[in-house]
Amino acid sequence: MDTLLLLLPQVLFDGLLLGFVYAMIALGYTMVYGVLELINFAHSEIFMIGSVVGIEVFRSLTGYVPNPYILLVVAVILGGLISGLTAVGVERLAYRPLRKRGTKNRLVPLITAFGVSFVLQDLVKLLEGLWHNEFFLSMKNVGELEQSVTLFGIFIQYKSFILIGVSLVMLGALTWLVGRTRLGLAIRSVAQDPSTAGLMGIDPEKIISRTFLIGGALGGVAGVLFALQYTTVSPYVGFLPGIKAFTAAVLGGIGNIPGAVVGGLVLGEIETLAGTFLPVLTGGAFGTEYKDVLAFLILILLLLFRPQGLLGQIVKEKV
Amino acid sequence: MNRFVGAVPATARLAVTVLLLAAMGGFLALGWGAAAVLAAYATLFVLAAFPPDPRWKLAALAVLTLEATLGLASKIGGDLLFIALVGVLVLLLRLPKVAVWLKVLLGAAVLLLGIPIAGFANTFLFELGIQIGIYSAMALGLNVVVGMAGLLDMGYAAFFAIGAYTWAIFGSSQVQHFLTTWVPLNGNFVYLFMGLAILATAATGILIGLPALRLRGDYLAIVTLGLGEVVRILANNLDHPLNLTNGPQGITGITKPPIEGFQALLAALGIPRSASTDYQLFFYLLVLVIIGFIVLVNVNLARSKFGRAWVAIREDEIAAKAMGIPMVKTKLLAFATGAAFSGAMGVLFAAQRGFVSPETFTLTASITILGMVVLGGMGSVPGVILGAAALTILNLDLLKGFSEVLNTMRQDGTVLLGFPMSQLPSQVDPAKYERLVFGIILILMMIFRPEGLIPERRGSREEEA
Amino acid sequence: MTGSSLTVEGVSKRFGGLLAVNKVSLRAEAGKILSVIGPNGAGKTTFFNLLTGIYEPDEGQVLFGNRNITGKKSDSIASLGIGRTFQNIRLFSGMTVLENVLVGHHNRIRTNYASAIFRWGGFGKEERRAEARAHELLRYLQLDERADDLAANLSYGDQRRLEIARALALEPTLLLLDEPAAGMNPQETEDLKHTILALKADLGLTIVLIEHDMAMVMTLSDRITVLEYGSVIADGLPEEVKANPRVIEAYLGKGGANA
């Protein structure tokens with residue numbers, strides 16, 4: 001048991017890393033949900049695209065640009081941009097036509113979201129197949145970023161600092177954007193009541209588009225950081241983090257921006273703790289694989305006992 | 001298209017049909033498979049788009065059935081002519097103003113003569129028929145959940161897995177890994193286990209549905225998605241501490257139901273026999289019976305207070321509640337019913353294949369079944385069966401066929417549009433891109449035709465002529 | 001069938017900073033027609049939603065007969081015998097007219113799940129009884145010849161009447177009508193008046209009516225309660241309410257009393 005306690009700081013730190021990734025993906029879910037009341041399931045794939053872009057940048061540019069920090073900046077910008085634009089494109093091509101038709105049936109946009117998700121997965125798979133003939137993509141050695149220090153008995157790689165640093169900057173920027181700018185005000189007003197916002201001279205379509213752009217960019221940056229930290233990705237890598245980030249969003253209270261961050265961090269910690277201690281505590285009977293089962297159990301229990309989440313309110317249908 | 005129908009005189013439509021059928025006969029006699037297939041499809045198209053008098057249409061369908069069966073029996077046209085038979089069934093379902101017994105007669109001829117004859121000539125077609133049947137049955141179960149009640153179940157394959165593993169574990173030597181003194185059950189227990197699987201999956205459905213169904217519909221989609229993943233993880237990892245599922249290797253040597261009586265019957269009827277086709281014919285007929293039963297259940301439920309309550313919830317939840325319909329209870333009923341169908345088919349699937357592994361029960365499987373319901377038409381029984389047939393054929397036959405063609409081209413060094421096919425990366429393999437195809441189908445259907453190929457029919461509107 | 005009374009005591013509902021319904025008390029006597037009127041946004045529909053369990057009141061209580069139904073779920077309130085219609089018609093538009101009424105009859109159909117699956121054990125008999133009852137209600141509202149049409153294909157006025165038929169299929173003792181005459185032409189409104197009076201006379205139903213058509217309210221109502229900004233500003237017999245200066249002011253603004 002003593003050795004377990006010694007492990008604890010390291011485990012908590014690793015949980016924090018995972019938690020920030022979940023938090024950044026969860027924001028995309030929560031923002032789109034806030035504006036459209038749609039679970040944009042394709043957001044998992046927006047994250048996946050970011051991770052693939054991150055890996056491709058390091059793979060193809062390492063030869064020309066030896067400095068890993070410059071590469072990192074390029075990867076973050078490109079990842080955020082491509083993911084954000086993909087999210088906007090998905091909204092234009094798949095979701096907007098549905099709103100134009102004005103279908104009442106809530107299944108229709110949801111099924112579309114799943115369809116988009118599968119198309120994006122296989123499109124990336126096809127492109128990567130044509131380009132490298134590979135399914136799993138591995139990160140190149142990122143040189144200096146792999147170096148590490150040991151602080152308070154915690155083994156920390158430089159890239160982990162970067163993950164936390166970039167996440168904090170992005171979260172700060174988002175808080176400022178939503179809380180302090182005209183765009184943020186417009187997003188919040190569309191989330192409250194699209195038709196009234198329309199009367200106030202706000203074009204809801206434009207705001208929806210921007211929301212997808214911002215959420216998608218956050219997801220893309222999360223993808224780049226994820227690829228850097230965990231080094232191997234595939235076209236299907238978005239599925240599990242996506243489902244868990246959604247759980248995190250529900251955990252924090254769907255539609256609630258600080259809630260998504262809190263939910264992400266909590267889930268990241270729980271999962272990492274479970275992944276480490278479950279095999280030890282059960283004498284190896286249940287392995288690390290069961291951490292995914294645990295995330296799902298949390299979702300179920302949450303829906304049973306606190307469906308509004310940690311910070312949220314119950315969403316009532318408008319009558 | 002209906003605007004143009006009137007422009008073509010009835011006699012011309014009939015003449016074209018007759019000509020096409022005659023051409024098809026000629027091509028078959030000459031052994032030109034591809035041409036015969038084209039003629040068959042053209043006939044189906046003409047019959048669908050420019051229908052002649054219903055009686056003539058029925059007669060044309062009968063002739064087409066006969067020709068396709070003869071072609072399949074002499075191994076001309078292969079899988080593609082098989083699809084023509086499915087087309088005949090679809091047109092038959094949509095044929096108005098003809099005595100029901102005539103339709104039933106032709107339908108029975110296709111199902112009980114055409115397809116088995118094709119199956120004897122080419123056992124793959126038997127397999128295809130059985131898989132279409134199993135998937136149709138499952139899609140009809142999901143139709144209750146998604147189509148009627150409007151609940152999005154994204155983990156339907158989880159219930160299929162629970163059913164399949166229930167029989168796989170107790171119907172093979174797998175059980176001895178954890179109950180050393182237990183003897184694997186004999187094949188007669190398959191039927192009992194279908195009942196047990198119904199109970200087990202309905203109970204699982206209620207357990208999962210209870211928390212999710214109290215909330216807005218979207219939550220159910222995510223919870224069922226999670227359930228699908230959990231069941232797959234359990235199937236993959238429950239080989240320790242107790243070896244329940246044998247992990248990723250899966251379970252082999254699963255007992256099939258005994259068919260001595262059936263074989264005796266075949267012998268008495270003088271039907272040609274072999275060890276493999278006996279079982280295939282048996283399972284094919286068993287699946288047909290089960291589908292008949294499930295269609296009956298679907299139709300009966302749709303015309304009862306329960307079916308009406310489901311549709312009411314789908315149309316407007318608040319109004320349905322104001323009519324005194326208990327929301328959670330009614331939704332749970334639909335959810336558990338769908339789960340039960342899937343569980344029962346899982347048992348049958350395990351018994352028929354003799355082998356199960358976690359790979360069968362992935363998210364892609366759940367999406368495939370959902371795709372069948374969406375493509376065919378949510379809530380529409382003939383639509384859902386058509387959707388199941390179309391996607392099963394696409395999945396098992398066309399995508400694989402396309403892959404084979406590409407592989408042949410790779411090996412033969414074919415140059416296509418200036419591109420040497422041998423250079424084509426091995427990752428580019430159509431059979432591995434079902435998700436892309438299903439995804440495109442889901443998106444396009446939702447945007448352009450959310451009601452499906454054969455929409456649910458309510459009210460007194462006369463559809464089609 | 002006889003009507004049940006409805007007693008509301010100090011019910012409030014707050015949405016964020018907005019007090020939509022403020023300590024409203026009123027009483028609908030058994031077998032009588034009570035109208036709830038007030039300018040747009042006075043909280044009338046929210047008030048109905050509080051009665052039928054779509055919202056839960058923040059304070060106060062609702063008694064149906066002698067039974068406290070405060071905070072009960074909307075489906076159990078409906079099963080107790082409160083039928084309602086909606087201001088913004090909420091029919092099951094993809095179902096037929098007959099099916100809509102049958103859905104209203106849901107809890108009165110005694111069929112269990114097994115007998116529905118296999119059509120045994122008196123299933124057919126019960127189903128035929130329910131259909132006969134539904135046709136009877138449709139005839140009552142002059143909709144029977146449209147029984148097999150889709151609800152979505154009905155005219156506006158017909159849809160409003162179908163909502164009433166559907167609510168009656170619950171076999172309620174209290175009927176809440178939310179602007180039943182909205183969008184109807186004068187002839188349809190006239191017919192509707194007779195229908196509502198017939199419901200009261202033939203079935204002895206208690207009826208609570210939200211309506212903007214003042215002529216209709218004045219002829220039908222036994223009693224009127226007036227809401228403004230979520231609060232009751234007047235309550236009494238039609239003549240009393242008509243003469244109440246606060247009501248006139250609420251409707252016409254200051255200085256409009258001569259209209």
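C:Leu138 touches a handful of residues beyond its sequence neighbours (up to four places away): C:Val97, C:Val101, C:Leu143, C:Asp144, C:Ala147 and C:Ala165. Keep in mind that this is a predicted model.

Where does C:Leu138 sit? You'll find C:Leu138 in helix H5 of chain C, which covers residues 123-140. C:Leu138 counts as buried because 24 other C-beta atoms lie within 10 Å, and the cut-off for buried is 20 or more. One of its partners, C:Val97, is 41 residues away in sequence, yet the C-alpha to C-alpha distance between C:Leu138 and C:Val97 is 8.6 Å.

Now for the contacts between chains. On one side, 37 residues of chain B are in contact with 40 residues of chain A. Four helices of chain B each give two or more residues to the side that touches chain A: H9 (189-213), H10 (217-237), H16 (363-376) and H18 (434-448). Of these, H10(B) gives the most, with 12 residues.

Chain B also meets chain C: 31 residues of chain C are in contact with 25 residues of chain B. On the chain C side, helix H2 (74-80), helix H3 (97-104) and helix H4 (113-118) each supply at least two residues.

Here's how the two sides break down by residue class:

| Side | Nonpolar | Polar | Charged |
|---|---|---|---|
| Chain B, touching chain A | 26 residues | 7 residues | 4 residues |
| Chain C, touching chain B | 13 residues | 10 residues | 8 residues |

Notes
Residues numbered from 1 in each chain as written. Chains lettered and ligands numbered in written order. Predicted model: local features only at pLDDT ≥ 70, side-chain atom pairs only at ≥ 80, totals over all residues. Contact = placed C-beta atoms within 7 Å. Nonpolar A, V, L, I, M, F, W, Y, C, P; charged D, E, K, R; others polar. Buried ≥ 20, exposed ≤ 12 C-beta atoms within 10 Å, placed from the backbone.
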